[in-house]
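Colleague: I have a fresh model open and would like to understand the labels on it. Could you take me through the reasoning behind them?

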Amino acid sequence: MLIDRFAEAGVRMGAGCPASMLDAFEARTGRVLTADLRAFLGAANGVEWDDGFCFWPVEAFAPFDPVAERYAPGCPRPSDAGSYFVFCDYLHWSWGYAIRMDRPEDVEGGNEVVPIGMNEMFAVAGSFAEFVELYLAGSDRLYPPG
């Protein structure tokens, strides 16, 4: 559904990412891409500017802390920031979004999406799939509270 929206809007999408590239990301980071995020990247590896949102290609995914230091110093961080990877930004870094990625041995499966660069830390969505649902609906949850 998300890919269809981008196609209908004429938004430029990167070619789908081969599984070998996704596997290489997991090997390099020691983290596991969620099935829904893996499927999205397999169909479109990066999407430029749809309503101000830029979905990054997997090779640009970066850990929360270095991105926060560069684009949003002093912003609130999740307690386990090292588990989060930034995958999307809004309006050339007004703020961004990071998803929690587990290590292969973790069994929790909590893959919440949090903001990076907002004045509050909160769970925007419980998964990439939920983030996509909010995005397609134009939910206020994707924007700073208040």
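Modeller: Happily; here are the aromatic pairs, the core, the hairpin and a few backbone angles, one label after another. Please keep in mind that this is a predicted model.

Colleague: How many aromatic pairs does a search of the whole structure find?

Modeller: The search returns 20 aromatic pairs. Phe-53 and Tyr-143 make one of them, with 6.1 Å centre to centre and 70° between the planes.

Colleague: What makes Phe-53 and Tyr-143 an edge-to-face pair?

Modeller: Two cut-offs decide it: centres within 6.5 Å make a pair, and planes over 60 degrees apart make it edge-to-face. At 6.1 Å and 70°, Phe-53 and Tyr-143 satisfy both, so the label is edge-to-face.

Colleague: How do you know that this pair links distant parts of the chain?

Modeller: Phe-53 is in strand 2 (residues 53–55), while Tyr-143 is in the segment after helix 5 (128–137), and 90 residues separate them.

Colleague: Why is Phe-53 called buried, and why is Tyr-143 called partly exposed?

Modeller: Buried means under 20% relative accessible area and exposed means over 50%. Phe-53 has 2%, so it counts as buried. Tyr-143 has 26%, which falls in between, so it is partly exposed.

Colleague: Now to Tyr-71 and Trp-93; what makes that pair stacked?

Modeller: Their centres are 4.6 Å apart and their planes differ by 5°. Stacked requires planes under 30 degrees apart, so this pair qualifies. Tyr-71 lies in helix 4 (residues 64–71) and Trp-93 in the loop between strand 4 (84–90) and strand 5 (95–100), so the pair ties together parts 22 residues apart in sequence.

Colleague: Are Tyr-71 and Trp-93 buried or partly exposed?

Modeller: Tyr-71, at 36%, lies between the 20% and 50% limits and therefore counts as partly exposed. Trp-93, at 14%, is under 20% and therefore counts as buried.

Colleague: Which residues have the most contacts inside the largest nonpolar core?

Modeller: They are Phe-40, Phe-55, Phe-61, Phe-87, Tyr-97 and Phe-131, in a core of 50 residues. Strand 4 supplies the largest share of this core, 6 residues. One aromatic cluster includes Phe-40, Phe-55, Phe-87, Tyr-97 and Phe-131, and Phe-53 and Tyr-143 also belong to the cluster.

Colleague: What is Phe-40 in contact with, leaving aside neighbours within four places in sequence?

Modeller: Its partners are Leu-2, Ile-3, Phe-6, Val-47, Phe-55 and Phe-128.

Colleague: How do you know that strand 1 and strand 2 pair?

Modeller: Pairing needs at least two bridges, and strand 1 (residues 47–50) has 2 with strand 2, so they pair, in the antiparallel sense. Asp-50 stands opposite Phe-53 in strand 2. The hairpin has 2 residues between the strands, and Asp-51 there takes a positive phi near 55°.

Colleague: Why single out a positive phi?

Modeller: Most residues other than glycine have a negative phi. Leu-91 has a phi near 50°, and Trp-93 has a phi of about 80°. Leu-91 sits in the loop between strand 4 and strand 5, and Trp-93 is found in the loop between strand 4 and strand 5 too. With 37% relative accessible area, Leu-91 is partly exposed.

Colleague: And why is Ala-27 called exposed?

Modeller: Its relative accessibility is 66%, and exposed means over 50%, so the label follows. Ala-27 is in helix 2 (residues 19–29).

Conventions. Residues are numbered from 1 along each chain as its sequence is written. This is a predicted model: local features need pLDDT of at least 70, side-chain atom pairs count only at pLDDT 80 or more; totals for chains, interfaces and linings use all residues. Side-chain values use heavy atoms; hydrogens and water are left out. Rings of Phe, Tyr and Trp (its six-membered ring) pair if their centres lie within 6.5 Å; planes under 30 degrees apart count as stacked, over 60 as edge-to-face and the rest as tilted. Helices (H or I, at least four residues) and strands (E, at least two) are DSSP runs, numbered from the N terminus. Buried means under 20% relative accessible area, exposed over 50%, partly exposed in between (1.4 Å probe, protein chains only). A nonpolar core is a set of buried Ala, Val, Leu, Ile, Met, Phe, Trp, Tyr and Cys residues joined through side-chain atoms within 4.5 Å. Contact means heavy atoms within 4.5 Å.
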